[in-house]
Amino acid sequence: MKNLNGWMVVHGFMKTHKFTEQADLFLHAAEQLGVGLQVVDHDQVLAKGTGLSKKPDFVLFYDKDVWLAKYLENQGILVLNSSEAIGICDDKRDMVLALQEHRVPMPDFVIGPMCMEGEAYPNFDFLAQVEKSLGYPCVGKSACGSFGAQVALLSTRNECVNWLKNAQGNSPVFQEYIDKEVGVDYRVQVVRDHAVAAMKRCSHRDFRANASLGGSCEKVTITAEMEEIAVKAAVSCGCVYAGVDLLLGEHGYLVCEVNSNAHIKNLRDATGIDASFPILEDLINACRDY
């Protein structure tokens, strides 16, 4: 097989260390695996009516520009994760419905009425259904958001209303609050059909355990239950690789979220496992069959 040369597409408008170190991990892994990899900003490859003059063998898509991902797929290029998977994971409404369709265990949820950008709800009568289904406290999540942002713990109707007023144009998902382990979740990195690493994330000051919000991370042993649920969740959302966040409920693990382009630096630091290697190894194998 010829030497492979691929792109890692990243968000060109985010140049902080958090994002550049992610690319560096993949560049190092590619060098070790003998694969050519070029980091390409998403704004340097625009979807257009004409095709690409020179195509990579594959694209590792670490951005959320689903239209660009679809354009690259239209050029006959292997793109992972796919545009469909990225789109599902980037909108929490699509995500919970995909998990529901495939009967993946997760907290109960209510999707709020669609709200157009800049549009305000004329009333909040629908909150009665949220209260009946979930009660208080419940978790409010804007449909689109990352790193635990746009997520709030809501204890009263007034808190719900105020939160909704500040989230105009980003329709909400309300989720059952799982309080068996407050401020704790489990990030499981899935590649294809198995889990390659997992860490426990803990916060003593917030119900959200995200490391970006100050949570600590430690390695945990991947149980058969964790792997089965995490892999099923990733597959349900169409992901070949994903960071799946689990919560421990009264009767076992529940899927909180599926991240199609999860950051892997904290996972490596906590577990000693660099997920960039199995991700790229899977891409190499996928190219052979493409």
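This section walks through salt bridges, helix packing, a buried cysteine, surface charge and some unusual backbone geometry in a predicted model.

Salt bridges make a handy starting point, and the structure holds ten of them. One pairs Arg187 with Asp245, and here the closest N and O atoms sit 2.5 Å apart. Arg187 belongs to strand β9 and Asp245 to strand β12 (residues 241-249), so this pair ties together parts that are 58 residues apart in sequence. Both partners are tucked away from the surface: Arg187 has a relative accessibility of 8% and counts as buried, and Asp245, at 5%, counts as buried too. Since the cut-off for buried is under 20% relative accessible area, neither residue is a borderline call on these values of 8% and 5%. The pair doesn't stand alone, either. Arg187 and Asp245 are part of a network of salt bridges that also links Asp185 and Arg201.

Helix α8 (residues 265-271) offers another case. Lys265 forms a salt bridge with Asp269, with 2.7 Å between the closest N and O atoms. These two residues are four apart in α8, so about one helical turn separates them. Asp269 also has a salt bridge with Arg268, and for that pair the closest N and O atoms are 3.4 Å apart. Asp269 thus turns up in a bridge with Lys265 and in one with Arg268. As for exposure, Lys265 is partly exposed, with a relative accessible area of 22%. Arg268 counts as partly exposed at 29%, and Asp269 falls in that class as well, at 44%. The setting therefore contrasts with that of Arg187, which is buried at 8%, while Lys265 at 22% is partly exposed.

Turning to packing, helix α3 (residues 83-90) has several buried residues, namely Ser83, Ala85, Ile86, Ile88 and Cys89. What do the buried residues of α3 pack against? Their neighbours are two helices, α2 (66-74) and α4 (92-101), together with two strands, β3 (58-62) and β13 (252-259). Just ahead of this helix, the loop between β4 (78-80) and α3 is home to Asn81, which comes up again below.

A cysteine in strand β6 is also worth a look. Cys138 sits in that strand and is fully covered by the usual yardstick, counting as buried at 0% relative accessibility. Leaving aside residues up to four places away in sequence, Cys138 touches Val130, Ala152, Leu153, Leu154, Phe174, Gln175 and Tyr177. Cys160 lies 22 residues from Cys138 in sequence, and their C-alpha atoms are 9.3 Å apart in space. Another pair of residues can be described in this way: Leu46 and Trp67 are 21 residues apart along the chain, with 9.5 Å between their C-alpha atoms. Leu46 is in the loop between β2 (36-41) and β3 and is exposed, with a relative accessible area of 57%.

On the surface, Asp108, Glu176, Asp179 and Glu250 come together as a patch of negative charge. Among them, Glu176 is part of strand β8 (residues 172-176) and is partly exposed, at a relative accessible area of 31%.

Finally, the backbone. Most residues other than glycine have a negative phi, and most peptide bonds are trans. Against that background, a few spots stand out. The bond between Leu80 and Asn81 is cis, with omega at about -5°. A cis bond also runs from Tyr136 to Pro137, where omega is near -5°. Pro137 falls in the loop between α5 (127-134) and β6 (138-142); Cys138, described above, lies in strand β6.

Positive phi values show up in loops as well. Arg103 isn't a glycine, yet its phi is positive at about 55°. This arginine is in the loop between α4 and β5 (109-111), where it counts as exposed with 72% relative accessibility. Arg192 likewise has a positive phi, near 60°, without being a glycine. The loop that carries Arg192 runs between β9 (184-191) and β10 (194-202), and here the residue counts as partly exposed at 36% relative accessibility.

Definitions and conventions:
Residues are numbered from 1 along each chain as its sequence is written. This is a predicted model: local features need pLDDT of at least 70, side-chain atom pairs count only at pLDDT 80 or more; totals for chains, interfaces and linings use all residues. Side-chain values use heavy atoms; hydrogens and water are left out. Buried means under 20% relative accessible area, exposed over 50%, partly exposed in between (1.4 Å probe, protein chains only). Contact means heavy atoms within 4.5 Å. Patches are made of residues with over 30% relative accessible area and no salt bridge: like charges are joined within 9 Å, nonpolar side chains (Val, Leu, Ile, Met, Phe, Trp, Tyr) within 5 Å. Accessible areas come from the Shrake-Rupley method with a 1.4 Å probe; for residues, only the protein chains shown count as cover. A salt bridge is a side-chain nitrogen of Lys or Arg within 4 Å of a carboxyl oxygen of Asp or Glu. Lys and Arg count as positive and Asp and Glu as negative; His and the chain ends are not counted. The place of a charge is taken as NZ of Lys, CZ of Arg, CG of Asp or CD of Glu.
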